[in-house]
Each structure stands twice: as C-alpha cells, then as structure tokens.
Amino acid sequence: FVYRLRNRKKVYIAKKLETVKAKYQSRGFKVNIIYGDNEFDHEIIRDVFPGAIFDICSADEHVPVVERAIRTVKERTRCLCNSVPYKKYTKLMTVQAVITAVRWINQFPSKGGISDIASPAKILEGISEPDMNVKRVSFGTYALVYNGTNNNMEERSVPGIALSQSNLTGGNFFMSLDTGKRIHRNSWKEVPNDKKNHCIS
C-alpha cells in the first residue's frame with residue numbers, strides 16, 4: 001500500500017498505519033513485526049500494533065528489504081515520468097505517479113514466498129489480475145475528459161492529464177487542466193500530444 005502523508009505528525013502517521021493494519025486484518029493477517037527508523041519509535045505509533053516487535057534501525061542504518069522496495073518504486077515512478085513529454089510535474093501528478101507504480105507492481109505475482117502463487121493485490125485486497133479488455137489510459141496521457149451533459153452551451157469535455165486507474169471497470173482519475181484538481185471519470189478521448197518540452201506547474 002502507499003498513502004500520501006500530508007504532514008509528519010505522529011498522530012497522523014498512526015492514523016494511516018491504522019488503515020494499513022485494518023487491511024491486513026481484513027484478510028486474516030496479523031502484523032507481528034514492524035521495521036522502521038527512529039521516527040517510528042514513539043508511543044503513539046507503538047500503540048497501533050500492541051504486542052508487535054518494533055525493529056528500529058539506527059541513524060545511517062538501512063533495512064535491506066525496505067530499501068529494495070523503495071528503490072523499486074522510485075525506478076518505476078521515474079520510468080513513468082520519463083515516458084511523457086513534461087519537464088515539470090504538479091504535486092498531484094507526482095503522488096498519482098507513485099500510486100500508479102505501486103498498483104502495477106502489486107498486480108502481478110513476484111518470485112519468493114506466498115506472492116509467488118498470487119499477486120500482493122490478490123492476497124491483501126482480493127483484487128484479481130487485471131482484465132486486459134478494460135479500457136485504460138496511461139499516466140500522463142493528454143485527453144478530453146467527458147464532463148456530463150446539460151441544456152446550455154457549456155462544453156461537454158474538459159482537457160485533462162491522465163493520473164491513475166480508480167477501479168476495475170474503467171474508471172480513471174484525471175487532472176483537470178482548467179482547475180488543476182483531480183476529477184474522476186470513466187469516459188474520455190485521447191488526444192495526440194506532439195508538442196515537446198511541456199511544462200505543467
């Protein structure tokens with residue numbers, strides 16, 4: 001899982017960890033050990049996982065399995081960002097690029113352990129492998145996003161940048177180029193984007 005932390009207050013971190021814990025418990029798993037740095041060595045965070053072992057690394061020390069996972073996510077996110085013609089990215093685009101990278105990493109089985117049999121998404125969320133017949137749009141794609149109909153002369157679509165898949169039936173998040181905010185739609189039309197050195201800020 002990956003969640004955006006809007007601040008680093010211990011109460012907020014603990015709240016997000018409660019969400020992660022609930023997901024594991026809903027699938028019959030119990031969290032017995034926590035790997036983290038000194039930021040996790042706090043009573044509020046420890047209270048989220050009573051009875052669990054906290055393996056806290058010291059300054060300049062790394063947990064290999066965690067570092068490998070972070071490096072993999074960074075590499076996939078970097079690949080996404082270099083596959084589109086933009087020089088700069090908004091915070092919304094950056095967050096959604098990370099979410100997209102993690103989602104696709106978890107969609108398929110990986111070698112070793114239980115995840116060699118089923119994908120992490122299947123094990124922890126009950127999500128089957130992706131249906132390749134569902135309409136999708138790649139991160140960063142420029143599109144005209146259907147915005148509903150009405151009886152006035154306002155436009156029925158808005159220009160947007162594809163962010164990430166939102167469900168298994170064709171929904172997708174876009175960044176509206178009119179407002180800069182995230183919108184949720186299931187109908188769009190990709191538009192050729194031949195311009196170079198785009199800058200979204």
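Accessible area is taken here from the Shrake-Rupley method with a 1.4 Å probe. I note at the outset that the model is predicted.

**Entry 1, the whole chain.** I looked up the surface of the protein chain and found an accessible area of about 13400 Å². Carbon and sulfur atoms hold 51% of that surface. I then checked burial: 30% of the 201 residues count as buried.

**Entry 2, the fold.** I counted 5 helices and 7 strands. Their order along the sequence reads α-β-α-β-α-α-α-β-β-β-β-β. Among contacts with a separation of 6 or more, I recorded that 46% join residues 24 or more positions apart.

**Entry 3, the nonpolar cores.** I listed the largest nonpolar core, which has 11 residues, including Cys81, Leu92, Ala97, Phe139, Ile161 and Met175. Two or more of its residues come from each of α4 (91-106), β4 (157-165) and β5. The largest share, 3 residues, belongs to α4. I looked at Ala97 in particular: beyond four places in sequence, Ala97 touches Thr77, Leu80, Cys81 and Phe139. I also found another core apart from this one, with 9 residues, among them Ile13, Ile34, Ile45 and Val48.

**Entry 4, Gly180.** I located Gly180 in the loop between β5 (172-176) and β6 (182-185). Gly180 has a relative accessible area of 39%, and because partly exposed covers values between 20% and 50%, I entered the residue as partly exposed. Setting aside neighbours within four places in sequence, I noted that Gly180 contacts Leu92 and Met175. Both Leu92 and Met175 are listed in the largest nonpolar core. From Gly180 to Ile161 I recorded 9.6 Å between C-alpha atoms, with their positions 19 residues apart in sequence.

Key
Residues are numbered from 1 along each chain as its sequence is written. This is a predicted model: local features need pLDDT of at least 70, side-chain atom pairs count only at pLDDT 80 or more; totals for chains, interfaces and linings use all residues. Side-chain values use heavy atoms; hydrogens and water are left out. Buried means under 20% relative accessible area, exposed over 50%, partly exposed in between (1.4 Å probe, protein chains only). Contact means heavy atoms within 4.5 Å. A nonpolar core is a set of buried Ala, Val, Leu, Ile, Met, Phe, Trp, Tyr and Cys residues joined through side-chain atoms within 4.5 Å.
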